[in-house]
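The report below describes how the helices and strands of one protein chain are arranged, beginning with a pair of helices and moving on to the sheet and the chain as a whole.

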Amino acid sequence: MAHCLAVKWTIKEGELDAVLTALRPLVAASRAEPGCEIYQAHRDPENPNVIFLYERYVDEAALQAHADSEHFKTYGPGDIFPRRESAERAVYIPFDP
């Protein structure tokens, strides 16, 4: 079953350029993962320091593979995460109402 990840970051003042520099290769590498269906970055139109990521993986194992990937570890915890002021993360699964 597909797993969707919704992530919202507020970036610290003065850190946005560095975050975007790290986010570009993270997005590219993540989109190339075999289990990744969608990896889309969004920005708040009123506050460019607020970034929303929508990610969809074919299943829970693909989501875990992403979290375990070298590119995620390098660009996420290794670069972007310390530059965040706040972060929210939620996993969703699709259903037919």
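## Helix pair and sheet

Helices α2 and α3 are oblique to each other, a word used for angles that are not under 35 degrees (roughly parallel), over 145 (roughly antiparallel) or 65 to 115 (roughly perpendicular). The contact is made by His-66, Ala-67 and Asp-68 of α2 together with Glu-70, His-71, Phe-72 and Lys-73 of α3, where contact means heavy atoms within 4.5 Å. The axes of α2 and α3 (residues 70–80) come within 5 Å and cross at roughly 60°; such axes are lines fitted to C-alpha atoms, for helices over the stretch in contact, and angles run from 0 to 180 degrees between N-to-C directions.

The model is a predicted one, in which local features need pLDDT of at least 70 and side-chain atom pairs count only at pLDDT 80 or more, while totals for chains, interfaces and linings use all residues. Residues are numbered from 1 along each chain as its sequence is written, and side-chain values use heavy atoms, with hydrogens and water left out.

The chain has three helices and four strands, which are DSSP runs numbered from the N terminus (helices H or I, at least four residues; strands E, at least two). Read along the sequence, these elements follow the pattern β-α-β-β-α-α-β. With a radius of gyration of 13 Å, close to the 13 Å that the globule rule gives for 97 residues, the chain is as compact as a globular protein of that length; the radius is taken over C-alpha atoms, and the rule is 2.2 Å times the number of residues to the power 0.38.

The four strands form an open, antiparallel sheet in the order β2-β3-β1-β4, two strands being paired if DSSP finds at least two bridges between them. Because β2 (36–43) and β4 (84–92) stand at the edges with a single partner strand each, one side of each is left without a neighbour in the sheet. Neighbouring strands are turned by 10° against each other on average, direction ignored. Helix α2 (residues 60–68) packs on this sheet, touching β1, β2, β3 and β4, and its direction makes about 130° with that of β3.

Strand β1 (residues 3–11) is joined to β3 (residues 50–57) by eight bridges, the two running antiparallel, whereas β2 and β3 pair in the antiparallel sense over seven bridges and form a hairpin with six residues between them. Some of the residues facing β3 are listed here.

| Residue | Opposite residue or bridge partner in β3 |
|---|---|
| Leu-5 | Glu-55 |
| Lys-8 | Phe-52 |
| His-42 | Phe-52 |
| Cys-36 | Tyr-57 |

For the chain as a whole, the C-alpha atoms fill a box of roughly 40 × 30 × 15 Å, taken along the principal axes. Residues 24 or more positions apart account for 71% of the contacts with a separation of 6 or more.
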